[in-house]
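Visitor: I would like to take a close look at a single strand and at what lies on either side of it. Could you guide me through that part slowly?

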Amino acid sequence: MAVKDSGQVALVTGGSRGIGFGIAEALVARGDKVCITGRSEESLKEAVDRLGPDRAMAVAGKAHDEAHRADVVEQVMAAWGRVDHLVNNAGTNPVFGPIAELDLAVARKVFETNVLSALGFAQLTWAAWQRENGGTIVNIASVAGVSASPFVGAYGISKAAMVNLTLQLAHEMSPGVRVNAIAPAVVKTKFAAALYEGREEEAVKGYPLGRLGVPEDIGGAAAFLTSDAAGWMTGQTLVIDGGLFLNAGVA
């Protein structure tokens with residue numbers, strides 16, 4: 001059965017695979033048109049083919065590139081004339097090791113990609129559509145941003161900044177724009193593969209629900225946060241962790 005067009009438009013950064021694609025898929029399934037971004041034109045084309053070329057478009061580029069961000073929003077507005085929902089999912093985690101020895105140039109790259117790009121996209125969608133017409137923003141944070149995150153400290157710090165960015169934007173953009181965040185634990189994606197590949201059975205032991213997350217788990221949450229069902233919710237960080245934090249402090 002054909003999905004009824006919702007009349008709404010979403011922009012999902014880092015949407016060619018993993019969590020971003022799971023979110024794009026959920027929004028298309030409810031009737032939104034969706035623009036996805038990413039670095040690989042080939043991966044984006046494959047993703048658009050899966051989402052449906054009549055429902056999706058893609059713009060390739062790097063999230064930390066200011067010109068790319070402006071181009072994305074311009075193309076969405078030219079194609080569909082609105083951008084109701086922004087999902088800031090693009091991120092990077094290029095280093096593993098103690099933060100006391102972290103190369104500050106690497107830390108700067110992580111912050112620019114994970115945080116400043118999100119702020120940049122939010123500023124652009126606000127100016128292009130949301131300031132006058134309302135909408136929602138969902139920032140993809142991480143449990144690493146609400147707890148200690150050994151050996152991925154730069155990533156954790158950037159995700160903590162995403163949580164606070166959510167608060168700042170929610171305060172400034174209310175009442176017309178609702179801004180929330182999602183903080184997932186380990187989700188089975190290529191991005192997080194190093195955390196579970198070859199030892200998934202061991203990794204799962206800490207999760208009371210008995211499994212790692214999948215992109216659809218986050219897609220469902222994003223669909224909720226960008227819907228009227230979450231109409232009285234802003235400035236919140238929704239932790240989706242399979243019960244992982246239930247074990248905090250348990251001997």
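Guide: Let us begin with one residue, valine 12, which stands opposite isoleucine 36 in strand S2 and also opposite valine 87 in strand S4. The model is a predicted one, and within it valine 12 belongs to strand S1, which covers residues 9-12. On one side, S1 is joined to S2, residues 33-38, by four bridges, and these two strands run parallel. S1 is also joined to S4, residues 85-88, and here three bridges link strands that again run parallel.

Now consider where the side chains of S1 point. In a regular strand the side chains alternate between the two faces of the sheet. In S1, Val9 and Leu11 point one way, while Ala10 and Val12 point the other way. Are these residues buried or exposed? All of them are buried, and buried here means having under 20% relative accessible area.

The path from S1 to S2 is also worth following with your eye, since S1, helix H1 (residues 18-29) and S2 together make a right-handed β-α-β unit.

Strand S4 leads us on to a neighbouring topic, the open spaces of the model. His85, a residue of S4, is among the residues nearest the centre of the second largest pocket, together with Gln8, Thr226, Ser227 and Asp228. This pocket has a volume of about 190 Å³ and is lined by 13 residues, which divide into eight polar, five charged and no nonpolar.

Technical notes: Residues are numbered from 1 along each chain as its sequence is written. This is a predicted model: local features need pLDDT of at least 70, side-chain atom pairs count only at pLDDT 80 or more; totals for chains, interfaces and linings use all residues. Side-chain values use heavy atoms; hydrogens and water are left out. Buried means under 20% relative accessible area, exposed over 50%, partly exposed in between (1.4 Å probe, protein chains only). Two strands pair if DSSP finds at least two bridges between them. A crossover is right-handed if, with the strands pointing away from the viewer, the path from the first strand over the helix to the second runs clockwise. On a 1 Å grid over the protein atoms alone, a cavity is a set of points where a 1.4 Å probe fits but cannot get out, and a pocket is an open set with protein on both sides within 12 Å along at least five of seven lines; lining residues have an atom within 4 Å of a point. Grid points are joined across faces, edges and corners, and a volume is the space filled by probe spheres set on the points. Ala, Val, Leu, Ile, Met, Phe, Trp, Tyr, Cys and Pro count as nonpolar, Asp, Glu, Lys and Arg as charged, and the others, Gly among them, as polar.
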